[in-house]
Every structure is written in structure tokens, then in C-alpha cells.
Amino acid sequence: MKKTINVAIDRPGLWLDADVTYGQVGHWFGHTTKDLKMDVIYPHEGQDKPWPCIVWICGGAWLQMDVHAWIPNLVDLARKGYVVASVEYRDSNYAVFPGQVEDIKKAIRYLRAHSQRYQIDPDHIGVMGESAGGHLAGMIGTTGQVESLDVGEYLDYSSAVQAVCPWYIPSDFEQMPTSDEDIYLGLLPESRLINSITKVNPDKAKAASPITYIDDKTPPFLLIHGTHDQVVPHKQSELMYEALEAKGLAVDLISVEGADHADKHFSQKVLMDEIAMFFDKHLK
């Protein structure tokens, strides 16, 4: 059979630039060097104008992450006119807090420095992440003015973002659930992140909590959380919402009825559409 069809151009073509090295850090007891990578979904050349960018941060209890894992789901946002960069960061086996935040800030500065390469609008960058990645997204969003967290390359560029969408965010480490065994053995992932037991060292717990840094320059937030989350209580997003609202800042909270932690609800079109509407409002 032969067929000729007329194909209308109704969506952008996309490229994937995978395993892009955006920085290097010390590794293996300081004797070796590790590349930090990102995957970038960006449009075919010849767009009328640059696109806003969404930086994605994978979760994994700060113990492990995979820069590629969420790429199939993130294509939904790229099709809506966003460059999407999934960014690697050091896990807590290799770096204690704030190393992870420093890594992501470096990645954002890299993207601004290479904005022409990927057709990014450097003035409109948002950040989104899930679980531990939601925590880090929250940290990026609330520390845009904290100069001490900008270390390494591309320091002529800002790491501040213009919109933040954390999923099931651990927002306040001091109010995360724990048990006597967790405290005694230091089993909590957040304790490993700060290299100290959160209930024993509240100063370190506070320093690693996004809620601590909210000020009048904090950008708009969209918080997303399942009502049946068994890992990060829904209350954590409520605390963040209340703290942002108390400052008169732009914030919305979407509670996903019946959703547990990182389950299938969070890859559904209806939720991606809500996320796109939020970023459309604040980045386009």
C-alpha cells in the first residue's frame, strides 16, 4: 500500500541532550573527580523566541537519584513549550548538606551561561522536584539571595528561580516523624543528609529546612502532595503553605486525594496540566 498524507505542524520538535557535564566535584575520599550530569530536553532550532526552563530534581531520600528516571514524564512539559533539564546532584553518601543545593545552583548557573545553546530564556527559570528533590526544589526557591550557597563555576550568573513546584516536600525537618530507634541509630534519611540526628541538633535541622529561608523575595510556589502519603506527611506541605501565605506570598497547594508517596497519580495528565498552568502563569 502507498499513502500520502498532509501533516500539520501542531507541536514543536524536541531534542534530548543526555549526560551533559555541568560541573565536577571531588569523589572517592577526595582522590578522584566525578562529573555531574544533566539531561536537557530542548526544542528544534528556529523557534520564534527562547523558551522558559524547568529544572527537574529527582528524589530518592537523598541517598540515591537517577537523572534519567523521570524523562518520559517530563516530555509532557517540554511539549507545552518548556526546556526541561533533569539535574544530577551528589547524594548523602558523598556529600552532606548543603552540597546538594550547591550542585543544583551550579546547574542553574550553567543553564543560564549556555542559554543560547538550548534556546532558554534565562530570565524565566523554574524548579520542580519530588520528595528529596521536592525538598531541594524548595531550598533553591527560598535561597535565591543566599550568596554563600553559590560556589564553583559560572558565578557571574544567578541561581535564583522565578517559580517553584515541589511535590510532597519535606519542608521542616524538625517536624518530620521519627521514633526512638530512629533517633538512637540515626536512621532517618534527613539525619544522614545533615550528618547529625535532627532531634539532637535542631540548628542543623533548621538550616536544612526550606521553610527557614522564606522572605519577601521568595518566588511563587505550587505545592503538590498526596493525602495518604506514608513517607512524607501531607502536613509538611501544609506547613510550607501556611508559612508562605503568612508572608503574603503567592502559593497554591494541590492535595491529591488518596495518593501515596510517589505513586502513579503524579504522572497523570490532569496533574501535569495543573503544573503547566502554574508555570505558564509565572514563567511565560
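Visitor: Which residues in H2 meet which residues in H4?

Guide: On the H2 side they are Gln100, Val101, Ile104, Lys105 and Ile108, and they meet Leu136, Met139 and Ile140 in H4. This is a predicted model.

Visitor: How do you know that these residues of H2 and H4 meet?

Guide: Contact means heavy atoms within 4.5 Å, and the residues just named in H2 and H4 are in contact by that test.

Visitor: What makes up the contact of H2 with H4, by class?

Guide: There are six nonpolar, one polar and one charged residues. Lys counts as charged, so Lys105 is the charged one, while Gln is among the others and Gln100 is the polar one.

Visitor: Why are H2 and H4 called roughly perpendicular or oblique, whichever applies?

Guide: Their axes come within 10 Å and cross at roughly 65 degrees. The band for roughly perpendicular is 65 to 115 degrees. H2 and H4 are therefore roughly perpendicular to each other, and H2 passes H4 in a right-handed crossing.

Visitor: Why is helix H4 described as enclosed by the rest of the structure?

Guide: Buried means under 20% relative accessible area. Eleven of the eleven residues of H4 (residues 132-142) are buried, so the helix is largely enclosed by the rest of the structure. Among them are Leu136, Met139 and Ile140, which also meet H2. His135 and Thr142 are further buried residues of H4.

Visitor: Why is H1 called parallel or oblique to H9?

Guide: The axes of H1 (residues 71-79) and H9 (residues 269-283) come within 10 Å and cross at roughly 45 degrees. Roughly parallel requires an angle under 35 degrees, and roughly perpendicular starts at 65. That value falls between the two, which makes H1 oblique to H9. The crossing of H1 and H9 is right-handed.

Visitor: What makes the contact between H1 and H9?

Guide: H1 supplies Asn73, Asp76 and Leu77, and H9 supplies Met272, Ile275 and Ala276. By class they come to four nonpolar, one polar and one charged. Asp counts as charged, so Asp76 fills that class, and Asn73 is the polar residue.

Visitor: What makes Trp62 stand out in its phi value?

Guide: Phi of Trp62 is near 60 degrees, a positive value in a residue other than glycine. Trp62 is found in the loop between strand S3 (51-57) and H1. At a relative accessible area of 4%, against a limit of 20%, Trp62 is buried.

Visitor: How do you know whether Tyr168 is buried or exposed?

Guide: The relative accessible area of Tyr168 is 0%, so under the 20% limit it is buried. Tyr168 lies in the loop between strand S6 (163-167) and helix H5 (180-185). Its phi is positive, about 40 degrees, although Tyr168 is not a glycine.

Visitor: Why is Ser171 called buried or exposed?

Guide: Ser171 has a relative accessible area of 0%, and so it is buried. Its place is also the loop between S6 and H5. Leaving out residues up to four places away in sequence, Ser171 touches Ser209, Pro210, Ile211, Gln236, Leu239 and Met240.

Visitor: Why does Ile214 count as buried or exposed?

Guide: Ile214 has 11% relative accessibility, and buried means under 20%, so it counts as buried. Ile214 lies in the loop between helix H7 (202-207) and strand S7 (221-226). Apart from neighbours within four places in sequence, it is in contact with Thr142, Met240, Ala243, Leu244, Lys247 and Leu249. Thr142 is one of the buried residues of H4.

Visitor: What kind of peptide bond joins Phe97 and Pro98?

Guide: The bond is cis, with omega about 10 degrees. Pro98 sits in the loop between strand S4 (83-87) and helix H2 (99-113).

Visitor: Why is the protein chain called as compact as a globular protein of its length?

Guide: The protein chain has nine helices and eight strands. Its radius of gyration is 19 Å, close to the 19 Å that the globule rule gives for 284 residues, so the chain is as compact as a globular protein of that length. Buried residues make up 50% of the 284.

Visitor: How many of the contacts with a separation of 6 or more join residues 24 or more positions apart?

Guide: Such pairs account for 77% of those contacts in the protein chain.

Notes. Residues are numbered from 1 along each chain as its sequence is written. This is a predicted model: local features need pLDDT of at least 70, side-chain atom pairs count only at pLDDT 80 or more; totals for chains, interfaces and linings use all residues. Side-chain values use heavy atoms; hydrogens and water are left out. Axes are lines fitted to C-alpha atoms, for helices over the stretch in contact, and angles run from 0 to 180 degrees between N-to-C directions. Helices (H or I, at least four residues) and strands (E, at least two) are DSSP runs, numbered from the N terminus. Angles under 35 degrees count as roughly parallel, over 145 as roughly antiparallel, 65 to 115 as roughly perpendicular and the rest as oblique. A crossing is left-handed if the near helix is turned anticlockwise from the far one by less than a right angle, and right-handed if clockwise. Buried means under 20% relative accessible area, exposed over 50%, partly exposed in between (1.4 Å probe, protein chains only). The radius of gyration is taken over C-alpha atoms; the globule rule is 2.2 Å times the number of residues to the power 0.38.
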